[in-house]
Amino acid sequence: MSNRVVEGRMVTPERLAELVEGEPPLEAEPIEDAEMECPDCGGNVISVGYMPSVTEFVTAYKCQDCAWSDTDRS
Ligand SMILES: [Zn+2]
């Protein structure tokens, strides 16, 4: 099962990537637990790897309880 509840709504990997990226990804991998706590609310953080374009792979981190998100873009 890769769908997860984020901010009270069930999301697919693609939808989770879109929440963080602002645009739908070309591809997204299954959602995983990031094994970290949200720096804003202490909630559980999940991660998803996705391709925003054919030349880029990004891992996004998103809190399940609040609006906090981050990516591994340098
Ligand atoms: Zn949070």
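This is a short group-meeting talk that walks through one protein chain, from its overall layout to its core, its helix, its strands and a few odd residues.

Okay, hi everyone. A quick word on what we're looking at. This is a predicted model, where local features need pLDDT of at least 70, side-chain atom pairs count only at pLDDT 80 or more, and totals for chains, interfaces and linings use all residues. Residues are numbered from 1 along each chain as its sequence is written.

Let's start with the layout. The protein chain has one helix and seven strands. By helices and strands I mean DSSP runs, numbered from the N terminus: H or I over at least four residues for a helix, E over at least two for a strand. Going from the N terminus, the order is β-β-α-β-β-β-β-β.

Now the overall dimensions. The C-alpha trace spans about 35 × 30 × 20 Å along its principal axes. The radius of gyration is 11 Å, which agrees with the value near 11 Å for a compact globule of 74 residues. That radius is taken over C-alpha atoms, and the globule rule is 2.2 Å times the number of residues to the power 0.38.

So what share of the 74 residues is buried? It's 27%. Here, buried means that 20 or more other C-beta atoms lie within 10 Å of the residue's own; 12 or fewer makes a residue exposed, in between is partly exposed, and the C-beta atoms are placed from the backbone.

On to the core. A nonpolar core is a set of buried Ala, Val, Leu, Ile, Met, Phe, Trp, Tyr and Cys residues joined through C-beta atoms within 7 Å. The largest one here has 14 residues, and L16, A17, V48, Y50 and A60 have the most contacts inside it. Which elements each supply at least two of its residues? They are α1 (13–21), β5 (44–53) and β6 (56–63). The largest share, four residues, comes from β5.

Have a look at Y50. Two residues are in contact if their C-beta atoms, placed from the backbone, lie within 7 Å. Leaving aside neighbours within four places in sequence, Y50 is in contact with A17, P25, E27, A28, E29, V58 and A60.

Next, the helix. In α1, the buried residues are P13, L16, A17 and V20. They sit on the same side of α1, because they cover an arc of only 100° around the axis; that arc is the one of the directions from the helix axis to the C-beta atoms. The cover over these buried residues includes β1, β2, β3 (27–28), β5, β6 and β7 (69–71).

Right after α1 you'll find G22, with a positive phi near 95°. Then there's E23, in the loop between α1 and β3. E23 counts as exposed because it has 9 C-beta neighbours inside 10 Å. Not counting residues up to four places away in sequence, E23 touches E18 and P52.

Now for the strand pairing. Two strands pair if DSSP finds at least two bridges between them. β5 and β6 pair in the antiparallel sense over seven bridges, and a hairpin of two residues joins them. One bridge puts S53 opposite E56 in β6.

β5 also has other partners. Three bridges join β4 to β5, and the two run antiparallel. E32 has S47 in β5 as its bridge partner, and D33 has I46. The hairpin from β4 to β5 has six residues in between, and in that turn G42 has a positive phi of about 80°. β3 and β5 run antiparallel too, with two bridges, and A28 has Y50 as its bridge partner in β5.

Is β4 itself in the open or buried? Zero of its six residues are buried, so β4 lies largely in the open.

Last topic: unusual backbone angles. Most residues other than glycine have a negative phi. E35, in strand β4 (residues 32–37), has a positive phi of about 55° without being a glycine. E35 counts as exposed because it has 9 C-beta neighbours inside 10 Å.

The other one to find is E7, with a positive phi near 50°. E7 is in the loop between β1 (4–6) and β2 (9–11). With 13 C-beta neighbours inside 10 Å, E7 counts as partly exposed.

That's it from me, thanks!
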